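Reader: I have a chain open on my screen and would like to talk through it with you, starting with single residues and working outwards. Could you take my questions as they come?

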Amino acid sequence: HVSPSTTNNEPPTTDSAPQVQSRRSRGAIPASDRAHSKQQSGRVLPEWVAASTEDAEDIPWFSAQDPRAEEAREYLPALLDAGSLTATLRNLSDGSFAVELLEEGWSACSRSSFIERFAEAAAISRLWSRKVVLQGGGEDWVIAHTLIPEASLSGAIGEVLSLGSKPLGEWLFSQAALQRSEIELCRIDSSTWGRRSWFTLQGQDLLVVEFFLPALLSRASAK
């Protein structure tokens, strides 16, 4: 399954900024928003963030039932927890939980094998991409990447555009009738693992990819 790297063919009207600007919470994205649809913090992400989200051959995704998941045995309770990751991290952080918005913008998409994973595959031409780092105690714990088909932004999921540095999980798990696909895993190295799943709300969906970093997984293995 292949997920594209973030691109933006429309020239920005402002310089890169550390925080997303306020946006309308529902409906199609207005032309004024499309003109400056990419925000960046200036932080450089590891190369494997793009490679693993794009399902590179050397970093494949697999189900929790796959024998390769056995390598993450000590981390599986954390990786396969179907509850709100935000709530879990808040509890672990003792009040120091934070979200750093790294980048958001349009992402071109051309791989049918990836597009077909979404409910409205035939209508997808591009996706909204949002990358953040979830932190606790001043440490980076999770790199999260959300991908949303443009058509999904016309419904309740469009509220994601106004989150800024607020955590997606808190909003997502407050929605009624939320559905979640099976969690898939990928191994970056022995101390960094990724997971991803598709969420469906009111017939529209989004993909959430989360990379659990060593500072967090070391806590999970210590339990």
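Reader: Let me start with Arg-196: is it buried or exposed, and what is its relative accessible area?

Author: With the caution that this is a predicted model, Arg-196 is buried, and its relative accessible area is 1%.

Reader: Which side chain does Arg-196 meet in a salt bridge?

Author: Its partner is Glu-184, with an N to O distance of 2.8 Å. Glu-184 is buried as well, having a relative accessible area of 11%, where the cut-off for buried is under 20%.

Reader: And where do Glu-184 and Arg-196 sit in the chain?

Author: Glu-184 belongs to strand β7, which covers residues 184-189, while Arg-196 belongs to strand β8, covering residues 192-201, so the salt bridge ties together parts that are twelve residues apart in sequence.

Reader: How many salt bridges turn up over the whole structure?

Author: A search of the whole structure gives nine. One of them pairs Glu-100 with Arg-43, whose closest N and O atoms are 2.3 Å apart. That pair links distant parts of the chain, since Glu-100 is in strand β3 (residues 98-108) and Arg-43 is in the loop between β1 (39-40) and α2 (47-53), 57 residues apart.

Reader: What is the relative accessibility of Glu-100, and what is that of Arg-43?

Author: Glu-100 has a relative accessibility of 23% and therefore counts as partly exposed, and Arg-43, at 34%, also counts as partly exposed.

Reader: Which residue meets Arg-43 in a salt bridge at 2.5 Å?

Author: That is Asp-140, and the 2.5 Å runs from N to O. Here too the pair links distant parts of the chain, with Arg-43 in the loop between β1 and α2 and Asp-140 in strand β5 (residues 139-149), 97 residues apart. Asp-140 is partly exposed, with a relative accessible area of 25%.

Reader: Which residues do the salt bridges that share partners join into one network?

Author: Arg-43, Glu-100 and Asp-140 are joined into one network in that way.

Reader: Let me turn to β5, then: how many of its eleven residues are buried?

Author: Nine of the eleven are buried, so β5 is largely enclosed by the rest of the structure.

Reader: How many bridges join β5 to β4, and which residue stands opposite Asp-140?

Author: Ten bridges join the two strands, which run antiparallel, and the residue opposite Asp-140 is Gln-135. The two strands form a hairpin with two residues between them, and Gly-137 in the turn has a positive phi of about 60°.

Reader: In what sense does β5 pair with β9?

Author: The pairing of β5 with β9 is antiparallel and extends over six bridges; within it, His-145 has Val-209 in β9 as its bridge partner.

Reader: Going back to β3, where Glu-100 sits, how many of its residues are buried?

Author: Eight of the eleven residues of β3 are buried, so this strand is also largely enclosed by the rest of the structure. Ten bridges join β3 to β4, and the two run antiparallel; the partner of Val-99 in β4 is Leu-134.

Reader: Changing topic, how many cavities of 30 Å³ or more are there, and how much space lies in the largest cavity?

Author: There are two cavities of 30 Å³ or more, and about 180 Å³ of space lies in the largest cavity. It is lined by 19 residues, and those closest to its centre are Thr-86, Leu-168, Gly-169, Val-208 and Glu-210.

Reader: Which elements each supply at least two residues of that lining, and how does the lining break down by class?

Author: The elements are α4 (85-93), β4 (126-136), β5, α6 (168-172), β8 and β9 (204-212). By class, the lining of the largest cavity has ten nonpolar, five polar and four charged residues.

Reader: One more residue: where is Thr-192 found, and what is it in contact with beyond its neighbours within four places in sequence?

Author: Thr-192 is found in strand β8 and is buried, at a relative accessible area of 3%. Leaving those neighbours aside, Thr-192 is in contact with Trp-48, Arg-187, Phe-212, Leu-213, Pro-214 and Leu-217.

Reader: Finally, what percentage of the protein chain is buried, and how many helices and strands are there?

Author: Buried residues make up 48% of the 223 residues, and the chain has seven helices and nine strands.

Technical notes:
Residues numbered from 1 in each chain as written. Predicted model: local features only at pLDDT ≥ 70, side-chain atom pairs only at ≥ 80, totals over all residues. Heavy atoms only, no water. Salt bridge = Lys/Arg side-chain N within 4 Å of Asp/Glu carboxyl O. Helix = DSSP H or I, 4+ residues; strand = E, 2+ residues; numbered from the N terminus. Buried < 20%, exposed > 50% of the residue type's maximum accessible area, 1.4 Å probe, protein only. 1 Å grid on protein atoms, 1.4 Å probe; cavity = no way out; pocket = protein on both sides within 12 Å on 5 of 7 lines; lining within 4 Å. Points joined across faces, edges and corners; volume = space filled by probe spheres on them. Nonpolar A, V, L, I, M, F, W, Y, C, P; charged D, E, K, R; others polar. Contact = heavy atoms within 4.5 Å. Pairing = 2+ DSSP bridges.
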